Amino acid sequence: MTTRREFVFFTGCALMGAAAHAQAPRRREVVVNGKRVKTIDVHAHVGFPEAMELMGRKFAPPLLGTTMQERIQAMDAQGIDMEALSINPYWYGASRDVAEKLIELQNTKLAEICAKQPDRFVAFASVALQFPDLAAKQLEDGVKKFGLRGAGLGGSVEGQELSDPKFHPFWKKAEEMGVLIFIHPQGTADLKNRLQGNGGLENTIGNPLETTLALSHLIFEGTLDRFPGLKICAAHGGGYLPSYAARSDHICLTFPDRCAAVQLKKKPTEYLKQLYFDALVFTPEALRHLAAQVGPSQLVMGSDFPFPWDKTTVDHILKTPELTDAQRVAILGGTAARLLRINNG
């Protein structure tokens, strides 16, 4: 592959071969109750080989790169007007010098993509969270210098929970800036042996489990009380937490000693209503339940593009019967536009 063309390198292989060269599809316009809706996908991935090379990494087959034009064609076909790009952290083990260079390179390239297609892309800054003071500066530079809209994080940092006091300087900066933090899991390394075998369990189970753990620690360790103004969005519908949230309340009733170390200001389930979640839960019933648990106002659209988990993410929202038209409009793009400071006109 060459980098002289306008390549956007994806961490996936959704567009390959002859399909990538097919006639461009007509742009799908999403309409709700007779009105055109701007759709915004908050969960879309990208990667840059030049940055990965700084850590001796590269895309492994069959992961391929596609051009910006091909990506936009895919968005047009799905009815996605804008994507908020993020890069899954692979640099948490890097030294400070390498992390500084890598993040500067990635955020520069993310900004270049957004500048070339401002009506189609915004992006989350990458940050080296293993160095919280540096990550806070990278967040501020990402927003103020590069025009990025927040930051993307993993669900843990080299075995450390996001609730660890070590990371308070970053959370303080994120709260001060009022920007969205998108949490995407990196798997549950401690369970690697049990997640081996058929079914891709390290992803199928491990990824949503890590998100469940990350959010639970942020709640039970008091991080969300310490920084109540945080705007956090969790990938994959928040993992398993919303589906069994009431158990988080009842642990404090059944075994109060296990909740005594930190005096929470409200019930654990109430914190879910101040978090945001993508709607990547696959079925109308799952989306109905998620909306009932956390509130429709806390949901945004997410596809995990270019990984082909759900190529009908727009229809998934449109066809959930319990949602009102106003709620559909908000989930499809209205809420994301507000959180990411996108003109929704």
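Here are some numbered notes on a predicted model, meant for someone opening it for the first time.

1. Start with the open space. The largest pocket holds about 780 Å³. It has 30 lining residues, and those closest to the centre are Asn88, Gln186, Asn203, Asn207 and Phe307. Sorted by class, the lining of the largest pocket comes out as 13 nonpolar, 12 polar and 5 charged residues.

2. Next, the second largest pocket, with a volume of about 440 Å³. Its lining is made of 20 residues, and Ser156, Gly159, Gly187, Ala189 and Glu210 sit nearest the centre. Helix H7 gives the most to this lining, with 3 residues. The classes here are 8 nonpolar, 7 polar and 5 charged.

3. While you're looking at H7, which spans residues 206-220, find Thr212 within it. Is Thr212 buried or exposed? Its relative accessibility is 13%, and the cut-off for buried is under 20%, so Thr212 counts as buried. A polar atom of the Thr212 side chain lies 2.7 Å from the backbone nitrogen of Tyr240. Setting aside neighbours within four places in sequence, Thr212 is in contact with Gly238, Gly239, Tyr240 and Leu241.

4. There's enclosed space as well: the count is 1 cavity of 30 Å³ or more. That cavity has a volume of about 30 Å³. Which residues line the largest cavity? They are Ser86, Ile87, Asn88, Pro89, Gly152, Leu153, Phe182 and His184. By class, that makes 4 nonpolar, 4 polar and no charged residues. Asn88 may ring a bell: it is also among the residues closest to the centre of the largest pocket.

5. Now the aromatics. The model has 5 aromatic pairs. One of them joins Trp91 and Tyr92, which meet edge-to-face, with 6.3 Å centre to centre and 80° between the planes. Trp91 and Tyr92 are both buried. Tyr90, Trp91 and Tyr92 make up one aromatic cluster.

6. Another pair worth a look is Phe282 with Trp309. The ring centres are 6.0 Å apart and the planes stand at 45°, so this pair is tilted. It links distant parts of the chain, 27 residues apart: Phe282 is in the loop between strand S14 (276-278) and helix H11 (284-294), while Trp309 is in the loop between strand S15 (299-300) and helix H12 (313-318). How accessible are the two partners? Phe282 is partly exposed because its relative accessibility is 44%, and Trp309 is partly exposed too, at 39%.

7. Phe282 deserves a second glance for its backbone. Its phi is near 80°, a positive value in a residue other than glycine. Glu158 also has a positive phi, near 50°, and isn't a glycine either. You'll find Glu158 in the loop between strand S10 (156-157) and strand S11 (160-161). Glu158 counts as exposed because its relative accessible area is 60%, and the cut-off for exposed is over 50%.

8. One last backbone detail. Which two residues does a cis peptide bond join? They are Phe305 and Pro306, with omega at about 10°. Pro306 is in the loop between S15 and H12, the loop that also carries Trp309.

Methods
Residues numbered from 1 in each chain as written. Predicted model: local features only at pLDDT ≥ 70, side-chain atom pairs only at ≥ 80, totals over all residues. Heavy atoms only, no water. Helix = DSSP H or I, 4+ residues; strand = E, 2+ residues; numbered from the N terminus. Buried < 20%, exposed > 50% of the residue type's maximum accessible area, 1.4 Å probe, protein only. Polar contact = N/O pair within 3.5 Å; in protein donor to acceptor, adjacent residues only side chain to side chain. Contact = heavy atoms within 4.5 Å. 1 Å grid on protein atoms, 1.4 Å probe; cavity = no way out; pocket = protein on both sides within 12 Å on 5 of 7 lines; lining within 4 Å. Points joined across faces, edges and corners; volume = space filled by probe spheres on them. Nonpolar A, V, L, I, M, F, W, Y, C, P; charged D, E, K, R; others polar. Phe/Tyr/Trp six-rings, centres within 6.5 Å; stacked < 30°, edge-to-face > 60°.
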